[in-house]
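Me: I am new to this structure and would like to learn how to read it. Could you take me through a few features, one at a time?

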Amino acid sequence: MKRFLFFVMIVTALTLSGCETLEGTAGSGFFNQINLLSTQQEVSLGQQFSVQIEESEKVLNHPAIQNYVSEIGKKLIAVAPRQDVPYSFKVIDAPDTVNAFALPGGYMYIYTGLLKTCSNEAELAAVMAHEIGHVAARHHGEMMTRQMGMEMVTDMVLGKKPGMVASLAGQLFTAGVSARYSRAQEREADSLGMEILYRAGYPPQGMISFMSKLMEADRRQGGGRSMPIFATHPSPEERVALLQELLQRYPATPQHNANYGEDRYRQAILSQL
Ligand SMILES: [Zn+2]
């Protein structure tokens, strides 16, 4: 076991030192293949983080909204490329926070501020599909080992660093986790997310209309990009351009276009919040 850990640490050191220079180049594809955490380790970490999140944030006490959001999540994970994690979906009661994030292992949290920003079900599904994309591509393991090293992450998995878990839950996740992902990871999550959205029967255009809406809301607030969801490496403009490109791959059928779910969304969410 010791020898194995030592080996893992060397690999980590090599990966960490190579990461900075290779990120964003053709070589980053190679590093995207490496995930130093097993599924079991990811789930264990995610569970620990979720306890922290639910202690510091207020889970919305509205079963109908929680169910509605979970049902959307189930449709998306049914067509997601990763099936070995216990996905779950919870709404956090924070009307001024436009944010959503997933923990390692697929525990997803969506803030009521983000729910209010969406104007139909397809836009909410788009945000959720992007987060499922991060989970499916195992970005959490890559991101965490890159940020803090394998030894620390392994100690956290083993429950040796409860204080660390507590402080990281806020830093890494609620405060705009996307800032911690690399540019290549954000692109991959957008690409996987659009595929998941399309396969679940939602119009892929929902992903673009949501981004455009965020940009517009931000402009109205003076353009400070204060929303945590904007803490991404690719700028929103850059993401929209990439999504427009991706859209060519997913030509919406009339069934997709009839499935924005505007009325459903108004009834289930907008009239309730
Ligand atoms: Zn992201």
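**A guided reading**

Reply: Let us begin with one residue: Asp 84 sits in the loop that runs between α4 (63–77) and β1 (88–92). Helices (H or I, at least four residues) and strands (E, at least two) are DSSP runs, numbered from the N terminus. Residues are numbered from 1 along each chain as its sequence is written. This is a predicted model, in which local features need pLDDT of at least 70 and side-chain atom pairs count only at pLDDT 80 or more, while totals for chains, interfaces and linings use all residues.

Me: Is Asp 84 buried or exposed?

Reply: A residue is buried if 20 or more other C-beta atoms, placed from the backbone, lie within 10 Å of its own, exposed if 12 or fewer, and partly exposed in between. Asp 84 is exposed, because 10 other C-beta atoms lie within 10 Å. In space, Asp 84 and Gly 105 are 8.7 Å apart, C-alpha to C-alpha, with their places 21 residues apart in sequence. For contrast, take Leu 172 in helix α9 (residues 162–174). Leu 172 has 21 other C-beta atoms within 10 Å, so Leu 172 is buried. Of the 273 residues of the protein chain, 44% count as buried.

Me: How far can I trust the model?

Reply: Look at pLDDT, the predictor's confidence in each residue, from 0 to 100. Where it is low, the predicted coordinates should not be read in detail. Here the protein chain has a mean pLDDT of 83, and 81% of its residues reach 70 or more. Over residues 1–33, however, pLDDT stays under 50.

Me: Which helices and strands should I look for, and how many are there?

Reply: The protein chain has 14 helices and three strands. To check a helix's length, use the expected span, 1.5 Å times one less than its number of residues. Helix α3 (residues 39–56), with 18 residues, reaches 26 Å from its first C-alpha to its last, close to the 26 Å expected. The 16 residues of α6 should span 22 Å, and its end C-alpha atoms are 22 Å apart, so the two agree.

Me: How do I describe two helices that pack together?

Reply: Two packed helices are described by the angle between their axes and the distance between the axes. Axes are lines fitted to C-alpha atoms, for helices over the stretch in contact, and angles run from 0 to 180 degrees between N-to-C directions. Helix α6 (residues 121–136) and helix α11 (residues 205–220) have axes that come within 8 Å and cross at roughly 90 degrees. That crossing makes α6 roughly perpendicular to α11 (under 35 degrees is roughly parallel, over 145 roughly antiparallel, 65 to 115 roughly perpendicular, the rest oblique).

Me: Which residues of α6 and α11 make the contact?

Reply: Two residues are in contact if their C-beta atoms, placed from the backbone, lie within 7 Å. On α6 they are Ala 122, Glu 123, Ala 125, Ala 126 and Val 127, and on α11 Gly 206, Met 207, Ser 209 and Phe 210. As for surroundings, 16 of the 16 residues of α6 are buried, so α6 is largely enclosed by the rest of the structure.

Me: What comes after α6?

Reply: Arg 138 follows α6, with a positive phi near 60 degrees, although Arg 138 is not a glycine. Arg 138 belongs to the loop between α6 and α7 (139–148). Seven of the ten residues of α7 are buried, including His 139 and Met 144. Just after α7, Gly 149 has a positive phi of about 85 degrees.
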